[in-house]
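Work through the exercises below with the sequence and the model at hand. Each task is followed by a solution in steps.

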Amino acid sequence: MKKWIGITLLLAVLSVAVGAQAQGIGKYKRNDFSFKSTKVKNAEGELTHVKVGAYVGNKLVDEFTIELGGVPMETTADAVGTISETDLNNDGIPDVNIYLGYYGGHPNDVYYEALIWDSEFGRFLQADGYKELAEPMVDDQTHLIYTNLRDGPKKRVMDYYGWQRNKIRHLRSETFAIEDGASTDFSGLLDFPCSRIDAKLDGRIPVIIAFQENNDDNVAGYIYYPKAKHPAPIMVAGYVTHGKDGDFYSLNEYQADGIITGTLMIEQRLVDGWDHQVTGTWTNPKTQKELKLADVKFSREMPDWFNKSLLAPEDPGNIGREYSFQRWRQGYDAYMGGHITFRAAGKNKVYFECCNVINNIAEGRSDDGRPAVLKGNRFEYREVNECHYGFSATFFPRFVILKTITDYETLGCFGAHSAFDGVYIKIKQ
């Protein structure tokens, strides 16, 4: 059952004792706080702002000024500024939910603002992006924020959001027909942002690219060619770099044996705070033929064939024996890449041997008597060789991602521009 964060809120001052408390490194605990809201009007008597004071006892310790998105309907104006203490980000500690009113026009034109409890510093942070959501609600099962909006006369759209500290993140969307209310189960996608790109390669080959990214900037998903003779999702994996001018994705298209059959370079920019502009190319590694993405449409709606995340952490007891990737190497007329093998050395411990020749040769192995030690689905291993090279390995059910964790100088034992870095596909269990 969905739970509406609605107008069932208490007016004026609320001081709720909470069971799960956070000390933080500030002076106050979460249950020290109570709140007061004050309405601010302009010269014409129109309601324009709400001020919320955070008090410890009778002392005002913080104040937040919230600008309204317009003039709320008279029928709800009296309730504007109503406060409830609700756990919005699923950390077990109540945050502050502030009613901003109903603005008319559509049934969902109800808005809120939030103050999110920061356990690290023992304070509240004003939410970033929350008050732009129309009638936000909390899903009792996933604990995600969601909105349920009509899309024309026959469809509804469910948008799901999560939190990154005090910032709201759009995770995914679902569209379903109003008459049956049926929707696909996307619970296997985890709480990572989803991206979908519908486009045409070279303006003529339809393609769907759907992927997720985790908090370590790893990216994984699928590319799908609807007009292929036997269409089926093909795995893509790689990395994202976040910059002030946009997000830059570098993804490879992998077959089950680790052969790379395409390379995607995608740039995504946010224009005017909401419009996603996407450009990019797909390159054939054998011919180096480059096809541009055209007629691009971006959304958060996952295809029904992508309902389980590829970025779920691998069980340490299920690590494969061999992982590999192979890319066509021009000038050698051959596939070259890397492989890494693992051998159990006790609970959550493995020996490894790695060779990566995509640029030049980088190879090394664990020392006898010094296996890599997994913490969850990841290990770090340093002092691979006399140059003090070190790398991390992060395991997922279908692949492992290796990344260098030491300085550039530690690459001196390898050929130029070489390291262990790459996405290696599991080819032997």
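A residue is called buried under 20% relative accessible area, exposed over 50%, and partly exposed in between, with a 1.4 Å probe and protein chains only. The model is predicted, so local features need pLDDT of at least 70 and side-chain atom pairs count only at pLDDT 80 or more, while totals for chains, interfaces and linings use all residues. Residues are numbered from 1 along each chain as its sequence is written, and side-chain values use heavy atoms, with hydrogens and water left out.

**Exercise 1. Describe the chain as a whole.**

Step 1. Start with burial: 48% of the 429 residues of the chain count as buried.

Step 2. Count the secondary structure, where helices (H or I, at least four residues) and strands (E, at least two) are DSSP runs numbered from the N terminus. The chain has 1 helix and 28 strands.

Step 3. Take the extent along the principal axes: the C-alpha atoms fill a box of roughly 75 × 55 × 40 Å.

Step 4. Turn to contacts, meaning heavy atoms within 4.5 Å. Of the contacts between residues at least 6 apart in sequence, 45% join residues at least 24 apart.

Step 5. Count charges, with Lys and Arg as positive, Asp and Glu as negative, and His and the chain ends not counted. There are 48 positive and 58 negative side chains. The place of a charge is NZ of Lys, CZ of Arg, CG of Asp or CD of Glu, and the centres of the two sets lie 3 Å apart.

**Exercise 2. Find the disulfide and describe its setting.**

Step 1. Apply the criterion, a pair of cysteine sulfur atoms within 2.5 Å. The structure holds 1 disulfide, which joins Cys387 to Cys413 with an S to S distance of 1.9 Å.

Step 2. Place both ends in the chain. Cys387 sits in the loop between strand E25 (378-381) and strand E26 (391-396), and Cys413 in the loop between strand E27 (399-404) and strand E28 (422-428); the two are 26 residues apart, and the pair links distant parts of the chain.

Step 3. Assign the hand: the disulfide is right-handed because the torsion about the S-S bond of Cys387 and Cys413 is about 90°.

Step 4. Compare the accessibilities. Cys387 counts as buried at 19%, whereas Cys413, at 31%, is partly exposed.

**Exercise 3. Why is Cys355 not bonded to Cys354?**

Step 1. Check the distance: the closest cysteine sulfur to that of Cys355 is in Cys354, 7.0 Å away, which is too far for a bond.

Step 2. Add the burial: Cys355 has a relative accessible area of 18%, so Cys355 is buried.

**Exercise 4. Which residues touch the most other members of the largest nonpolar core?**

Step 1. Define the set: buried Ala, Val, Leu, Ile, Met, Phe, Trp, Tyr and Cys residues joined through side-chain atoms within 4.5 Å.

Step 2. Read off the result: the core has 46 residues, and Phe379, Phe391 and Phe399 touch the most other members.

Step 3. List contacts of Phe379 beyond four places in sequence; among them are Phe342, Val350, Phe352, Leu374, Phe391 and Phe395.

**Exercise 5. Compare His143 and His417.**

Step 1. Check the backbone. His143 has a positive phi of about 65° although it is not a glycine; for His417, also not a glycine, phi is positive at about 65°.

Step 2. Locate them. His143 lies in the loop between strand E8 (137-138) and strand E9 (145-151), and His417 in the loop between E27 and E28.

Step 3. Classify their exposure: His143 is partly exposed at 38%, while His417 is exposed at 66%.
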